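I opened my notebook to record what I looked up in this structure, one topic at a time.

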Amino acid sequence: MTLPDGYSDIPAGKIAAVVTHLEMTARPSLRPDPAGTFTLRRVDSPDLTWYRDLNRSVGEEWLWFSRLQISDAELAAIIHAPLVEVYALVQDGRDEGLLELDFREAGQCELAFFGVTAKLIGSGAGRWLMNRALERAWSRPISRFWVHTCTLDHPSAVAFYQRSGFRAFRRQIEIADDPRLDGTAPRSAARHVPIIE
Ligand SMILES: CC(C)(COP(=O)(O)OP(=O)(O)OC[C@H]1O[C@@H](n2cnc3c(N)ncnc32)[C@H](O)[C@@H]1OP(=O)(O)O)[C@@H](O)C(=O)NCCC(=O)NCCS
């Protein structure tokens with residue numbers, strides 16, 4: 001479907017985002033690891049409550065809702081899949097970042113979830129975690145590593161991914177029910193995207 005040029009109305013109760021897909025087709029050289037006391041913990045067969053809590057503490061401000069609105073069975077089918085790897089970035093014994101790599105499509109890896117909690121944004125933790133993501137992804141025989149991000153995400157995300165070696169190749173519009181109106185996220189989340197109802 002082709003969207004018309006110009007402004008398009010979004011119904012009240014919905015949110016809209018511009019989605020950018022980015023990819024790399026060869027292993028890039030890593031940017032310098034910032035100093036920090038970060039460690040990476042692989043979480044095998046993640047507990048669903050633990051996973052939702054971390055997904056929420058990293059993503060609530062950016063209206064990540066996709067993993068919060070699906071059933072236990074649907075979530076387990078993804079994050080317990082043998083070709084999906086879930087990691088936590090740990091600082092001071094606390095899980096402060098989420099990395100999820102999805103190798104289910106042969107020869108590829110999707111950076112399915114990536115981010116750190118608010119207190120670690122701008123601290124070097126994101127770069128450190130991206131370096132670990134690149135090492136893990138390219139340790140398998142893939143020829144493509146890709147990610148999509150949207151305008152609800154942190155405003156630095158696109159440039160951060162470009163500096164990491166990803167190249168933008170596709171743009172989409174995503175429209176969804178506002179997750180703050182059905183209790184998925186608190187009404188106080190993401191004040192940069194006011195609720196319209
Ligand atoms: C998107 C996101 C990962 C970007 O990370 P960030 O916090 O801006 O990144 P960092 O502070 O780790 O790194 C940014 C740069 O500052 C540098 N830096 C930051 N603190 C540093 C320090 N103490 N010492 C040295 N360098 C430092 C990093 O090395 C990096 O440099 P580079 O990009 O030129 O290599 C982060 O904002 C985030 O997790 N946001 C919330 C979730 C989100 O929106 N995720 C993306 C959705 S797909």
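**Nonpolar cores**

I looked first for the largest nonpolar core, and I found 34 residues in it, with Leu99, Leu129 and Ala133 having the most contacts inside it. A nonpolar core here is a set of buried Ala, Val, Leu, Ile, Met, Phe, Trp, Tyr and Cys residues joined through C-beta atoms within 7 Å. I noted that a residue is buried if 20 or more other C-beta atoms lie within 10 Å of its own, exposed if 12 or fewer, and partly exposed in between, with C-beta atoms placed from the backbone. Helix 3 gives the most to this core, with seven residues; helices (H or I, at least four residues) and strands (E, at least two) are DSSP runs, numbered from the N terminus.

The model is predicted, so local features need pLDDT of at least 70 and side-chain atom pairs count only at pLDDT 80 or more, while totals for chains, interfaces and linings use all residues. Residues are numbered from 1 along each chain as its sequence is written.

I then followed Leu129, which touches Leu89, Gly97, Leu99 and Val116 when residues up to four places away in sequence are not counted; contact requires C-beta atoms, placed from the backbone, within 7 Å. I also found a second, separate core of nine residues, including Trp64 and Phe65.

**Whole chain**

I counted four helices and seven strands in the protein chain, and 33% of its 197 residues are buried.

**Around the ligand**

I recorded 22 residues surrounding the ligand (C-beta atom, placed from the backbone, within 6 Å of it), and Gly115, Gly124, Gly126, Asp153 and His154 are the closest.

Terms used: Contact = placed C-beta atoms within 7 Å.
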